[in-house]
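Take a look at the chain below. The report after it goes from the whole fold to single residues.

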Amino acid sequence: MDQVDPRRLIPRTNDLLALPEVRAARIRLNESVIRGLVRQVQEQARRGELAPGQVETALLGALAARKATTLRQVLNATGVIVHTNLGRAPLSASAVEALVTASGYVDVELDLADGTRSRRGAGARAALLAACPGAEDALVVNNGAAALVLATTALAGGREVVVSRGELVEIGAGFRLPDLIESTGSALHEVGTTNRTHLRDYASAIGPNTGCVLKVHPSNFRVDGFTSAVPLRELSSLTASNGVPLVADLGSGLLAPDPHLPHEPDAASALASGADLVIASGDKLLGGPQAGLLLGGKEIIQRLARHPLARAVRADKLALAALEATVAGETPPVVQALHADVGQLRRRTDRLARALHAPVVAHEGRVGGGGAPGVPLPGWALRLPEQLAALLRARDPAVLPRVHDGSCLIDLRCVPEEDDDRILDAVRQALAVLEVSAAGRAG
Ligand SMILES: *Cc1c(COP(=O)(O)O)cnc(C)c1O
């Protein structure tokens, strides 16, 4: 008898699509995603990676694992609080609740009392002004970079932005502040040198072509040694007497001073020192959603809000909702992680260490996200074999440890305490996989 080509036994598309579990998946996945998974398992069978009889089971497994989002939850065990590659700030419970509310129809730009259009994001604006009473008005845009683009375009388009050479920083991979500013059609007028800039440097640069003076907080590095910069307060008397707006880009997003971060600037202090406009991010130390905050006097904020570019960089309803709830709600996770009690971290780490028979080592966390460079956050980590890291990242939720000096380090600072046992399970299972493969090699 002729040998039947096993590929002829691969279940047909229509038969697979008719399976009850596949039909049921249509309530959460669209047709083309489902058909894509069907094709995928059929192709695996054609390549001989699956026996024809395994296709159905493989398809059901793939369907069960497939969600409409391919984003995977990550337990951040790096000790880096604002981790840009992990989406920066994890949101507070109140902010998450606000996101759900805002996901439907909401009164983001409607006055329900009289049924007419209202100012967009009034709630977020009110929360910011309550938290930073030094500001007369506030505008929320898409992110910090957008806030900077809007400010320089509206205040200095076709004219000059006066800025210190020591503050022309690169914020993240490929994002350079000077390039961003020049992309708006404003010319940079650089003053001073990399390490020292004096008030007289600004004074001689300001002229009829000056659109604004910009002071940038170089948030991700520090220059030590023979340095000097002009404090906002001194600069503001110069700009005020010349009638030029003074813009302070803080980066971090602290609204008020934080005693843990004595060198980190905050919006309230910057405004009190005479800045006309303060720019900050929503998803750094503020601990909220991606957003760019503009805080300042009524006139300057109105000028920005009326600029045509404001429409192109406006915040969406989800960000506005989460931002308001971050500011008005409970202490957000970023701030909790920043202020985590060292003794408490030690007790949590010790418990996992005992269960896993792993050593505990001193480990410094970081603010991250280009904030508070060099500010160490003393804490602890479990020290595990380096090969564990890849296994932990492959899980769902993924566990992201820090790989350092040949070890896989687990720092619980940014892990909510209720997830400690998930970390424990993940490490246990990863260690078991490691043992099996080590035994396999030995045998
Ligand atoms: C982070 C940062 C920005 C950019 O803000 P995004 O919200 O990331 O767009 C701009 N300026 C400074 C000083 C920053 O630290």
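How much area does the protein chain expose, and what share of it do carbon and sulfur atoms supply? The exposed area is about 22200 Å². Carbon and sulfur atoms supply 52% of it.

## The whole chain

This is a predicted model. The protein chain has 443 residues, and 44% of them count as buried. Its secondary structure consists of 18 helices and 17 strands. Along the principal axes, the C-alpha atoms fill a box of roughly 100 × 55 × 45 Å.

Now look at contacts with a separation of 6 or more. Residues 24 or more positions apart account for 73% of them. Charges come next. There are 47 positive and 48 negative side chains. The centres of these two sets lie 4 Å apart.

## Domains

The domain assignment gives three entries: domain 1 (6-60), domain 2 (74-83 + 336-442) and domain 3 (93-330). Domain 2 is thus written as two segments. The centres of domain 1 and domain 3, taken over C-alpha atoms, are separated by 52 Å.

## Nonpolar cores

The largest nonpolar core has 34 residues. Which of them touch the most other members? They are L128, V140, Y202, V213, V278, L293 and L295. Several elements give two or more residues to this core, including helix 6 (122-131), strand 5 (137-141), helix 9 (199-205) and strand 13 (292-296). Helix 14 (317-328) is also one of them. Apart from this core lies another, of 30 residues. Among its members are A147, V161, L277 and V313.

Zoom in on V213. Leaving aside residues up to four places away in sequence, V213 touches V162, Y202, I206, L235, T239, V244, P245, L246 and V247.

## Unusual backbone spots

Most residues other than glycine have a negative phi, and most peptide bonds are trans. Three places in this chain depart from that pattern.

The peptide bond from D396 to P397 is cis, with omega near 0°. P397 sits in the loop between helix 17 (388-393) and strand 16 (398-404).

R88 is not a glycine, yet its phi is positive, at about 55°. This residue lies in the loop between strand 2 (80-82) and helix 5 (93-102). H357 also is not a glycine, and its phi is positive, near 55°. Its loop runs between helix 16 (342-356) and strand 14 (360-368).

Is each residue exposed or partly exposed? R88 counts as partly exposed because its relative accessibility is 22%. H357 counts as exposed because its value is 73%.

Notes
Residues numbered from 1 in each chain as written. Predicted model: local features only at pLDDT ≥ 70, side-chain atom pairs only at ≥ 80, totals over all residues. Heavy atoms only, no water. Helix = DSSP H or I, 4+ residues; strand = E, 2+ residues; numbered from the N terminus. Buried < 20%, exposed > 50% of the residue type's maximum accessible area, 1.4 Å probe, protein only. Contact = heavy atoms within 4.5 Å. Areas by Shrake-Rupley, 256 points an atom, 1.4 Å probe, with all protein chains shown as cover. Lys, Arg positive; Asp, Glu negative; His and termini not counted. Charge placed at Lys NZ, Arg CZ, Asp CG, Glu CD. Domains from an automatic or database assignment. Core = buried A, V, L, I, M, F, W, Y, C linked by side-chain atoms within 4.5 Å.
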